Number of protein chains: 2
Amino acid sequence: MMQVLRGELRERELPFTHQREAIAQVMFESTRHLSADDVAAALRQRGEHAGKATVYRTLALLVELGLATEHDFDEGFKRYETKVGAAQHDHLICTACGRVSTFQHPELDRIFAELASEHGFEAITRQVKVFGTCSETAACRELQRAYREAGRTS
Amino acid sequence: MMQVLRGELRERELPFTHQREAIAQVMFESTRHLSADDVAAALRQRGEHAGKATVYRTLALLVELGLATEHDFDEGFKRYETKVGAAQHDHLICTACGRVSTFQHPELDRIFAELASEHGFEAITRQVKVFGTCSETAACRELQRAYREAGRTS
DNA sequence: AACGCCGTTGAGAACCAGTCCCGATCAGGA
DNA sequence: TCCTGATCGGGACTGGTTCTCAACGGCGTT
């Protein structure tokens, strides 16, 4: 896993530094969506440390290398997710509790490929996000009901 | 058109102010995706003026009332688009020239409805964005070619 | 093992979209 | 016209992210 990073860096003649290793380790070991702060906290927890500029630069680098993806769930900051060993997937974001769940739909790839070629567009990445309320907690289910009723009457 | 706004405001017992009218006018007369700054500039151009706090508040209000939608095209700021008289649509964003084009796909609504019910999720809004390169300018087409070749070899 | 080049690091300053504060102003019902 | 409560606006503030630049550290070379 770390070898992949090492290889990508060598290929571009970029140094494999201690900080890059530590940050990548944090990313690779988590399947969650981490903010820059989460990464810094995880580093502290294992006795490591990296300046915030380095954390941001390294996360951007991982995205550039294709080893991570960047997400914006409308929280006012970005989150990052390891891409290694995970299939392309999209997200459902609960606006009540903040939980993010993932899904894969077999038709989406085809649809976007069709769209791109129809528009003379070369698609590089896509972002598909569905915002709404989940049914994990009682509070979320309550909001679901409220929303459904409001939708019916307006 | 302005009557719609007036009605929505009355329904919620909110005052129909001169600033709200002017900002809504700017939005309703444009089919483009305007940033808060664009709106302020458009106001200036027609001899109006509104503090930026008011611009932001009013745009948020229009979104709340269902008369506008908010977009984030990864430029570091939000853009707003009037929703009046426009069908649900999604966006292709060219990362080379910044052009945004729209598309509608007949299957997407069905797919997201299915997904939501499968996950016990009540979908409120969705954001579907495809980032890539368009074929509008020579520079964009050049990047398209470069990207296709890079994709082939890696 | 020591050298040197050059990209990286980090602490803090800077940046900037967006929000908050609060006294002045205004919409609109009585 | 008067009154009341919401809005407005200029400027201060917030907080995520980027920039600055001197010190440092990979890593290929000698």
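Which exposed residues does the face of helix 3 of chain A turned away from its buried side carry? Keep in mind that this is a predicted model, and have a look at that helix: the face in question carries A:D37 and A:Q45.

Now turn to the other side. The buried residues of helix 3, which spans residues 36–45 of chain A, are A:A36, A:V39, A:A40 and A:L43. They sit on the same side of the helix because they cover an arc of only 100 degrees around its axis. What lies over them? The cover for these buried residues includes helix 2 (18–29), strand 1 (34–35) and helix 4 (52–64) of chain A. After helix 3 of chain A comes A:G47, with a positive phi near 75 degrees.

Next, let's move to the DNA. How many residues surround DNA strand D? There are 21, and the closest are A:F16, A:Y56, B:T17, B:Q19 and B:R20. Of the atoms of DNA strand D that come within 4 Å of the protein, 72% belong to sugar and phosphate. Sorted by class, the surface near this strand has 9 nonpolar, 6 polar and 6 charged residues. Three helices each supply at least two residues of that surface: helix 4 of chain A, plus helix 2 (18–29) and helix 4 (52–64) of chain B.

You can zoom in on some phosphate contacts here. The side chain of B:T17 has an N or O atom 2.7 Å from a phosphate oxygen of DNA strand D. For B:T54, a polar side-chain atom lies 2.9 Å from a phosphate oxygen of the strand. With A:K78 the backbone does the job instead, placing an N or O atom 2.8 Å from a phosphate oxygen of DNA strand D.

That leaves the salt bridges. Side chains of opposite charge can pair when their charged atoms come close. Over all chains, the count comes to 26 salt bridges. One of them joins A:E149 and A:R145, with the closest N and O atoms 3.4 Å apart. Both residues lie in helix 6 (residues 138–153) of chain A, 4 residues apart, or about one turn of the helix. A:E149 is partly exposed at 41% relative accessibility, and A:R145 is partly exposed at 44%.

Over in chain B, B:R126 and B:D90 meet in a salt bridge at 2.8 Å, N to O. This pair links distant parts of the chain, 36 residues apart: B:R126 is in strand 6 (residues 122–133) and B:D90 in strand 4 (residues 90–94). Both B:R126 and B:D90 are buried.

Finally, salt bridges that share partners join A:E107, A:R110, A:E114, B:E107, B:R110 and B:E114 into one network.

Notes. Residues are numbered from 1 along each chain as its sequence is written. Chains are lettered from A and ligands numbered from 1 in the order in which they are written. This is a predicted model: local features need pLDDT of at least 70, side-chain atom pairs count only at pLDDT 80 or more; totals for chains, interfaces and linings use all residues. Side-chain values use heavy atoms; hydrogens and water are left out. Buried means under 20% relative accessible area, exposed over 50%, partly exposed in between (1.4 Å probe, protein chains only). The arc is that of the directions from the helix axis to the C-beta atoms. Contact means heavy atoms within 4.5 Å. A residue is near a molecule or strand if one of its heavy atoms lies within 4 Å of it. A polar contact is a pair of N or O atoms within 3.5 Å; within protein, one must be able to donate a hydrogen and the other to accept it, and residues adjacent in sequence count only if both atoms are side-chain atoms. Ala, Val, Leu, Ile, Met, Phe, Trp, Tyr, Cys and Pro count as nonpolar, Asp, Glu, Lys and Arg as charged, and the others, Gly among them, as polar. A salt bridge is a side-chain nitrogen of Lys or Arg within 4 Å of a carboxyl oxygen of Asp or Glu.
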